[in-house]
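Hello,

I am passing on the structure below, and I would be grateful if you could look through it before reading my notes.

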Amino acid sequence: MSAAFASSRTNGSEVVKELAFFAVIALLMSVMLLGVETVDRPTGLELAVRWDLVLIAIGATVIGRLGLIFRRENISRLGQAVLITLSAVAVFEMFVRFRELDDRWVSPVFLDMVFSSVVSTIVGIAFVAIIFATAYFTMKDKTSADVEESAKLSSKIQLAYRSNTKKIGLIGIIFFIIFPFIFGEDRSAIDLATLVMIYIMLGWGLNIVVGLAGLLDLGYVAFYAVGAYSYALLSQNFDLSFWLCLPLAGIFAASFGIILGFPVLRLRGDYLAIVTLGFGEIIRVVLINWYDLTGGPDGISSIERPSFFGLADFSRRVPEGTIGFNELFGMEYSSMHRLIFLYYLILVLALVTNFVTLRLRKLPIGRAWEALREDEIACRSLGINPTNTKLSAFAIGAMFGGFAGAFFATRQGFISPESFTFLESAVILAIVVLGGMGSQIGVVLAAIVMIGFPEMFRELAEYRMLIFGAGIVAIMLWRPRGLLSFRDPTILLNMSQKEKVAGEIK
Amino acid sequence: MSMLKIEGVHTFYGNIEALKGIDMEVNEGEIVTLIGANGAGKTTLLMTCCGSPQASKGRILFEGQDISRMPMHEICQLGIQQSPEGRRIFPRMSVYENLQMGAITQDPKYFNSDIEMVFDLFPRLKERINQRAGTMSGGEQQMLAIGRALMGRPRLLLLDEPSLGLAPLIVKQIFETVEKINREKKMTVFLVEQNAFHALKLAHRGYVMVNGNITLSGTGAELLANPEVRAAYLEGGH
């Protein structure tokens, strides 16, 4: 082994140094996260120390690092694969032990699990085999040809994605439409899908402002709040139905967009971001302090649920004079009906947002937004009024935020200023940025990653946020401009078809 | 008849007086060039005509209408289009979309014939129609910038250093096209250039700018023959 090291760039002592460095890092990171734990005992809270976890974490790090060194120096493919597999098994072991909360020192839990039944043996062997095979076969010597190959592959994937955007979009839409039929009885699945869909809609709305027009808006949640409170207040004070309030909420939010936009849109970049951030906070603080109108921190509760387009009601005990949704369609009463209806409602709202955005992108106004993002002076020299163009982007983005807010209010039945903190703005902005500015499908992916995954892995308790953070770091490392970060021309011309297509637009 | 008339224009950047009382005019159907060294104020004058920055003293008349207090986008809608310094095309948009942007304030009914006209002048743009503008060569980008300005159906075309950073052969091509636009479309052109030799050869009339003042004016041929101009801008080069 030492001969192998000596022949390459790295010699033995440097490798030991490197491994020690990573061991120390692993120790520092794991000792607080894994090593110490508060346990609820009858005598009170006690600190439990889990040195086994710390040791495994350090071991996994060192072994994994050694594997990577082998890979870097092109030593023994078999060795590389064995080390990586060992490291993966150790990480797995660590997680299992962590979840089980029992501190055995001797036998690895992994082995116990694997040999507990035939099925788990097969699964365990398959797990090891897959990691081993992946490690073994991906570790060819990386020559320049290989690098080129992988670049070619990624550009091929990109091309495949780009030429099939419509198909992918259609498949996505169909998936979301049949989603309730697959998970019809699973209440949490529908709830989660609805939540993700709200964020997809908010992401699409903000995408108009940030992705297309290039205006960094850190206070988008203000429009969401305006929409939610407009619906809640209109429905409580004037007894208006959801269907009437929905457009009103959009109009209110859009007017707030214009009110905010007028003074601030002469600002650019960082300055605009700060002012919008302030605006978002102003709205929240007003909501907290205007007790007579908004109920302050108590919020507004028992907000009216939407009816089935005014025809039927979803509650078990139907009020006088209306009929129940189940009676209308001659079905058994089920509390799921309302949830599924709400899911479809937000799906339709989100699709409308998407459709409008896609249409606008092809119209002069949408083109002007994109041009404004690229070069404001050039835009002005072409006769585009930058103020009006930006205002329209702000207002339309705000309008969709308002729709989403009204939906949020009617779904929750309760709203308070706590739902509209800066964190929400940041999450929505992160969805847009992670998805790739201006990419509609990217927003969907990012919303699933940002909202769906943390909810799905709720069992991991607070560690899910750690994993979530790591995931974001990973995305920013590998796809620094977002998951799907390329802009396609809204129109591509074949020379033969040119006349025809040119006639259609503008 | 003078199409663009600049009367005693002063322009400031903060406290710095960039233009110190400029008088000049551009007549209909002419190519007028403004030459001068770096920092003389050529681009400032051109941008002042477009309303950004605005002149703090003096008047700018376009077809008899005072435009010196109008915002940039309104001036451009009157029929003044420019190919700005550094071209400023939209790099992430395709060539076709860039040309669409140029026509954004115009009636769509002209679009098809206008784009044909641009493609006739610059066949290279037609070849690159779906390409991202930012990935094209400098010369092609300059063609696109001029083409985009033409899509706005201008009566006065302002060109700010179209030769900037281009190979001599491409410069020649661009200047020939400018001449063709002037001759065939009867387009009035106001050309700001450092490349004095080419510009003066092309132009009907020329002005020389030094430190925010117009120091010399005359026909292109006169200025080319003028010993001062030769000494300052032509000797040693070309």
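What follows is a short account of a sheet in one chain, the helices that lie across it, and the confidence in the other chain.

This is a predicted model, in which local features need pLDDT of at least 70 and side-chain atom pairs count only at pLDDT 80 or more, while totals for chains, interfaces and linings use all residues. Residues are numbered from 1 along each chain as its sequence is written, and chains are lettered from A and ligands numbered from 1 in the order in which they are written.

In chain B, six strands (DSSP runs of E, at least two residues, numbered from the N terminus) form an open sheet of mixed pairing in the order β6-β7-β8-β3-β9-β10. Because β6 (80–83) and β10 (213–219) of chain B stand at the edges with a single partner strand each, one side of each is left without a neighbour in the sheet. Neighbouring strands of this sheet are turned by 15° against each other on average, direction ignored, where axes are lines fitted to C-alpha atoms, for helices over the stretch in contact, and angles run from 0 to 180 degrees between N-to-C directions.

Strands β7 (residues 156–160) and β8 (residues 188–193) of chain B pair in the parallel sense over five bridges, pairing being counted if DSSP finds at least two bridges between two strands. Within this pair, B:Leu156 stands opposite B:Thr188 in β8(B).

Two helices (DSSP runs of H or I, at least four residues) are also worth following. Helix α6 (residues 138–151) of chain B lies across β6 and β7 of chain B, running at about 170° to β6(B).  Helix α1 (residues 42–50) of chain B lies across β3 (31–36), β6, β7, β8 and β9 (205–210) of chain B, at about 150° to β7(B).

Chain A averages a pLDDT (the predictor's confidence in each residue, from 0 to 100) of 81, and 86% of the residues score at least 70.

Best wishes

Conventions: Two residues are in contact if their C-beta atoms, placed from the backbone, lie within 7 Å.
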